[in-house]
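Me: I would like to learn how to read a few features of a protein model. Please take them one at a time.

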Amino acid sequence: MTPHSKSGLKDNIKVVLWAFALAMIIKTGVAETMQVPSGSMEDTLLIGDFFVCNKFIYGARIPLTDWRLPAIKKPQPGDIVVFKFPGDRKINYVKRCIAVGGQTVEIRDKQLYVDGQPVPDAPDSKYISRVVMPRPSGNQNSRDNWGPYVVPENHYFMMGDNRDNSYDSRFWGPVPEDLIVGRPMIIHFSWAEDPEAPTVSLTDPLSVPRLFLYNAAHFPQRIRWNRLFNTVE
């Protein structure tokens, strides 16, 4: 190998390493693509929506450290927020911020109140059940009758827009500030579920190419074209 070719190889390796480092900085500290895995935010976010998460707005975490950059703003009631699930910090959740530290949350017969005032439902939120769950004996909380509860300082009370089908702060408590990840910005892709699509099986080696061919044949029909490049609000 000539000196010139060695120099060219080193330059190419440097370019690849710098590109990888830059990609990691962007992914971990500025923005990241995420997928909606559940229906808890329907019909604001649907299963199969892919969105870009703005990590900078609430204070980007510096890669490989526990340090965070100063936040542009903090989550406010009404914001849709991505955060680490307090029960398993490896999992990202996305919910709507309902209340911040010092505010009082209460639910009476499905109606949400914050500091004693009724809170209107988000435009694309929904209830899938007309049944109102009463409080169990002992004045315990239920899905539809909950609180009152004062959110601790530096914590956030999160709920899904699909109020009857959301595992949220009503069940596992408020989110500490250090678990806040970012805010969804825009849906860049949306892939509809198809109950007729073949399933992948470990015992069937042909199931993967079968699914690939099925998705390729139905690709245009399964994309939710009307959701592409919609902002998340």
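**Reading a helix, strands and salt bridges**

Reply: In helix 3 (residues 207-217), the buried residues are S207, Y214 and N215. Keep in mind that this is a predicted model.

Me: Within what arc do the buried residues of helix 3 fall, seen down the axis?

Reply: The arc is 95°, so these buried residues line one face of helix 3. On the other side of helix 3, F212, L213 and A217 are exposed.

Me: What covers the buried residues of helix 3?

Reply: The cover includes helix 4 (219-222).

Me: Let us turn to strands. Which side chains of strand 1 are buried?

Reply: In a regular strand, side chains alternate between the two faces of the sheet. Strand 1 (residues 31-35) shows this alternation: E32 and M34 point to one face and are buried. A31, T33 and Q35 point to the other face and are not buried.

Me: In what sense do strand 1 and strand 2 pair, parallel or antiparallel?

Reply: Strands of a sheet pair through backbone hydrogen bonds, and the pairing can be parallel or antiparallel. Strand 1 and strand 2 (residues 49-54) pair in the antiparallel sense, over five bridges. To locate the register, start from A31, whose bridge partner in strand 2 is N54.

Me: What is the order of strands in the open sheet of four strands?

Reply: The order is 7-6-5-8, and the pairing is antiparallel. Strand 7 (117-118) and strand 8 (146-150) are the edge strands, since each pairs on one side only. At one of these edges, strand 7 pairs with strand 6 (residues 111-114) in the antiparallel sense over two bridges. There, V114 stands opposite Q117 in strand 7.

Me: Now the charged side chains. How many salt bridges does a search of the whole structure find?

Reply: The search finds 18 salt bridges. One case is D43 with K126, where the closest N and O atoms are 3.5 Å apart. D43 lies in the loop between strand 1 and strand 2, and K126 in the loop between strand 7 and strand 8, so the pair ties together parts that are 83 residues apart in sequence.

Me: How does one class the exposure of D43 and K126?

Reply: The class of partly exposed lies between the cut-offs of 20% and 50% relative accessible area. D43 has 34% relative accessibility and therefore counts as partly exposed. K126, at 22%, also counts as partly exposed.

Me: Which residue forms a salt bridge with E177?

Reply: The partner is K74, with the closest N and O atoms 3.3 Å apart. This pair links distant parts of the chain, 103 residues apart: E177 is in the loop between strand 10 (175-176) and strand 11 (180-190), and K74 is in the loop between strand 2 and strand 3 (80-85). E177 is partly exposed at 27% relative accessibility, and K74 is partly exposed with a relative accessible area of 44%.

Me: Is E106 buried or exposed?

Reply: E106 has a relative accessible area of 18%, which means that E106 is buried. The side chain of E106 meets that of R108 in a salt bridge (3.5 Å, N to O). R108 is partly exposed, at 36% relative accessibility.

Me: Which residues are linked in a network of salt bridges?

Reply: K110, R143, D144 and D164 are linked in such a network.

Conventions: Residues are numbered from 1 along each chain as its sequence is written. This is a predicted model: local features need pLDDT of at least 70, side-chain atom pairs count only at pLDDT 80 or more; totals for chains, interfaces and linings use all residues. Side-chain values use heavy atoms; hydrogens and water are left out. Buried means under 20% relative accessible area, exposed over 50%, partly exposed in between (1.4 Å probe, protein chains only). Two strands pair if DSSP finds at least two bridges between them. A salt bridge is a side-chain nitrogen of Lys or Arg within 4 Å of a carboxyl oxygen of Asp or Glu. The arc is that of the directions from the helix axis to the C-beta atoms. Contact means heavy atoms within 4.5 Å.
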